[in-house]
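Trainee: I am new to this structure and would like to understand how it is put together. May we go through it step by step?

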Amino acid sequence: MAAAPAAAGAGASRGRRLAATAAAWGGWGGRPRPGNILLQLRQGQLTGRGLVRAVQFTETFLTERDKLSKWSGIPQLLLKLYATSHLHSDFVECQSILKEISPLLSMEAMAFVTEDRKFTQEATYPNTYIFDLFGGVDLLVEILMRPTISIRGQKLKISDEMSKDCLSILYNTCVCTEGVTKRLAEKNDFVIFLFTLMTSKKTFLQTATLIEDILGVKKEMIRLDEVPNLSSLVSNFDQQQLANFCRILAVTISEMDTGNDDKHTLLAKNAQQKKSLSLGPSAAEINQAALLSIPGFVERLCKLATRKVSESTGTASFLQELEEWYTWLDNALVLDALMRVANEESEHNQAPTVFPSLGTSEEGGLPHTSARAQLPQSMKIMHEIMYKLEVLYVLCVLLMGRQRNQVHRMIAEFKLIPGLNNLFDKLIWRKHSASALVLHGHNQNCDCSPDITLKIQFLRLLQSFSDHHENKYLLLNNQELNELSAISLKANIPEVEAVLNTDRSLVCDGKRGLLTRLLQVMKKEPAESSFRFWQARAVESFLRGTTSYADQMFLLKRGLLEHILYCIVDSEC
């Protein structure tokens with residue numbers, strides 16, 4: 001008796017499918033009206049009623065319509081994906097279907113990112129658009145979240161490889177089809193769930209990149225304390241994963257831009273700060289507190305920020321990550337810069353090129369390991385720069401937050417400032433060729449260049465570190481601290497208490513401290529330099545607070561006043 005209702009339900013489902021097919025054909029016995037089916041699907045997406053998924057059509061109709069519209073068989077593949085991805089499925093056939101769909105979208109997304117418009121113009125409707133229109137995005141979200149469902153007390157599982165394919169397809173669709181990223185951002189439970197997929201190294205990079213894109217358009221900031229087992233998740237990241245995770249953290253710990261230009265006035269900012277204090281901590285401040293509660297988090301960031309290039313990831317794992325970057329489009333411009341830097345160095349050394357142009361290997365990736373025994377030093381440096389600028393940004397935001405004093409103590413304890421001082425000449429303000437600075441589609445003065453961005457983040461960090469805090473004297477070395485004491489003694493004035501309280505084991509080492517190094521490069525900057533503003537802010541922050549005769553004399557001895565006067569009267573600056 002139980003079979004009768006089931007059969008009736010199946011019959012009703014077939015009836016609805018035939019009715020939908022008839023409507024799309026323009027009536028029984030008619031021919032398909034061009035664009036009519038896509039219009040109905042689009043309306044269904046917006047209203048939530050009517051045609052919304054491929055499963056609402058018969059396979060015969062989709063095949064016939066595909067011959068006219070050149071949909072690359074995507075609706076039929078989605079129909080099969082629905083049939084093979086139900087709760088009791090073993091997902092084996094489901095994964096093979098995803099393997100068919102993936103290249104149809106990835107090539108289109110690659111063409112979109114590299115601005116190969118000829119490729120995208122071959123079809124009337126892009127594959128990613130068709131995939132989304134026939135319900136592909138919503139279906140993949142359901143498949144990915146199957147592990148959250150329990151059947152008879154057991155949670156469903158899907159393989160890392162299958163998750164990776166789903167994430168790749170979702171990201172490619174977000175790249176090419178407007179509105180998809182915003183729709184995903186509205187699914188708060190899905191966004192939180194994505195964080196759990198970062199526990200696997202196989203799916204980490206794909207997940208992190210998709211999360212970053214989603215958070216970039218999300219209207220409301222997510223709460224990191226809602227992420228399951230956040231402390232365990234972050235603590236288990238290796239250093240490469242942690243550096244990439246900082247790209248996500250940059251969005252979650254920064255105050256959201258409300259789009260109101262009036263807030264940029266000092267009066268409006270002051271009013272906003274008072275209002276924030278009365279309302280309690282914002283989502284960004286709650287996220288900052290959540291991160292600071294993770295054992296060893298700040299210490300690991302300091303180690304990432306200060307490690308030397310020779311201490312960074314080994315060649316083998318770096319090359320593996322580059323291959324992932326190549327297949328993962330968000331990093332295409334970064335990889336483009338890395339590849340060109342490597343080729344330039346190889347040509348300069350008159351040696352065989354270790355990394356040929358993109359797409360020369362059989363699989364469209366990088367050549368096999370045996371052909372890349374040596375990694376150019378310039379590529380190692382660029383790799384480290386990309387990591388450090390993300391880490392420095394996170395540290396800078398934490399330094400400006402409610403827990404500023406706590407962060408200051410940690411940064412001092414873990415010797416961030418001496419470490420940056422040791423990297424100043426070799427990495428942060430290293431000498432370089434102009435061509436190595438420019439990403440595809442950018443000019444030499446663009447602030448998007450990794451080298452330039454690193455310098456600006458470094459200068460912003462110095463400004464935040466020095467601003468109204470006694471730890472600013474860690475920017476000096478022991479000899480320079482003695483010079484401050486001598487200035488006070490000679491002027492017969494009390495020595496600055498903060499100088500006396502400075503822990504000499506935490507200050508800069510070497511012949512010059514970080515502040516002195518900054519003054520030296522500031523005086524050498526060309527007239528048209530965009531760094532002068534940031535350099536001046538960093539130096540000015542050192543002088544903020546209670547007026548210190550010793551601090552002023554220290555800077556005057558190093559020619560700061562002459563340089564400032566020259567910049568003021570020089571019409572080219």
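Trainee: Among contacts between residues at least 6 apart in sequence, what share joins residues at least 24 apart?
Mentor: The model under discussion is predicted. Contacts are counted here between residues at least 6 apart in sequence, and the share asked for concerns those whose partners are at least 24 apart. That share is 74%.

Trainee: How many helices and how many strands does the chain have?
Mentor: The chain has 573 residues, of which 50% count as buried. Its accessible surface comes to about 28500 Å², and carbon and sulfur atoms account for 53% of that area. As for the elements asked about, there are 2 strands, and the number of helices is 29.

Trainee: Which helix gives the most residues to the largest nonpolar core?
Mentor: In soluble globular proteins, nonpolar side chains tend to be buried together. The largest nonpolar core here has 139 residues, and those touching the most other members are L81, F190, F195, M198, F297 and F458. The greatest contribution, 14 residues, comes from residues 377-399, which form helix 20.

Trainee: From which domains does this core draw at least three residues each?
Mentor: The core in question is the largest nonpolar one, with 139 residues. At least three of its residues come from each of domain 1 (36-177) and domain 2 (315-341 + 376-429 + 448-569).

Trainee: With which residues is F190 in contact, leaving aside its neighbours within four places in sequence?
Mentor: F190 is one of the residues that touch the most other members of the largest nonpolar core. Once neighbours within four places in sequence are left aside, its contacts are V141, L144, M145, L170, L184 and I214.

Trainee: Is R300 buried or exposed?
Mentor: R300 belongs to helix 17, which covers residues 297-306. Beyond four places in sequence, R300 is in contact with V234, S235, F237, D238, Q239 and L242. The C-alpha atoms of R300 and S235 are 9.5 Å apart, although 65 residues separate the two along the chain. With a relative accessible area of 19%, which is under the 20% limit, R300 is buried.

Trainee: Which parts of the chain does the salt bridge between E161 and K99 tie together?
Mentor: Side chains of opposite charge can pair when their charged atoms come close. In the pair of E161 and K99, the closest N and O atoms are 3.0 Å apart. Because E161 lies in helix 9 (residues 160-176) and K99 in helix 5 (residues 92-113), parts 62 residues apart in sequence are tied together: helix 9 and helix 5.

Trainee: Which residue is linked with K99 and E161 in a network of salt bridges?
Mentor: The whole structure holds 15 salt bridges. Within the network, E161 is partly exposed at 36% relative accessibility, and K99 is partly exposed at 38%. The residue linked with K99 and E161 is D165.

Trainee: How many residues apart are D467 and R544, which form a salt bridge?
Mentor: The closest N and O atoms of D467 and R544 are 3.0 Å apart. D467 is in the loop between helix 23 (450-466) and helix 24, while R544 is in the loop between helix 27 (532-543) and helix 28 (549-556). The pair therefore links distant parts of the chain, with a separation of 77 residues.

Trainee: Are R558 and E483 buried or exposed?
Mentor: R558 and E483 form a salt bridge whose closest N and O atoms are 2.9 Å apart. R558 is in the loop between helix 28 and helix 29, whereas E483 is in helix 24, 75 residues away in sequence. Both residues are buried.

Trainee: What is the phi of N492?
Mentor: Most residues other than glycine have a negative phi. N492 is in the loop between helix 24 (478-490) and helix 25 (497-501), and at 70% relative accessibility this residue is exposed. Although N492 is not a glycine, its phi is positive, at about 55°.

Trainee: Which helix supplies the largest share of the nonpolar surface patch?
Mentor: The patch is formed by L556, L561, I564, L565, I568 and V569, with about 570 Å² of accessible area together. I564, one of these residues, is partly exposed at 35% relative accessibility. The largest share, 5 residues, comes from residues 560-569, which form helix 29.

Notes. Residues are numbered from 1 along each chain as its sequence is written. This is a predicted model: local features need pLDDT of at least 70, side-chain atom pairs count only at pLDDT 80 or more; totals for chains, interfaces and linings use all residues. Side-chain values use heavy atoms; hydrogens and water are left out. Patches are made of residues with over 30% relative accessible area and no salt bridge: like charges are joined within 9 Å, nonpolar side chains (Val, Leu, Ile, Met, Phe, Trp, Tyr) within 5 Å. Accessible areas come from the Shrake-Rupley method with a 1.4 Å probe; for residues, only the protein chains shown count as cover. A salt bridge is a side-chain nitrogen of Lys or Arg within 4 Å of a carboxyl oxygen of Asp or Glu. Helices (H or I, at least four residues) and strands (E, at least two) are DSSP runs, numbered from the N terminus. Buried means under 20% relative accessible area, exposed over 50%, partly exposed in between (1.4 Å probe, protein chains only). Contact means heavy atoms within 4.5 Å. A nonpolar core is a set of buried Ala, Val, Leu, Ile, Met, Phe, Trp, Tyr and Cys residues joined through side-chain atoms within 4.5 Å. Domain bounds come from an automatic or database domain assignment.
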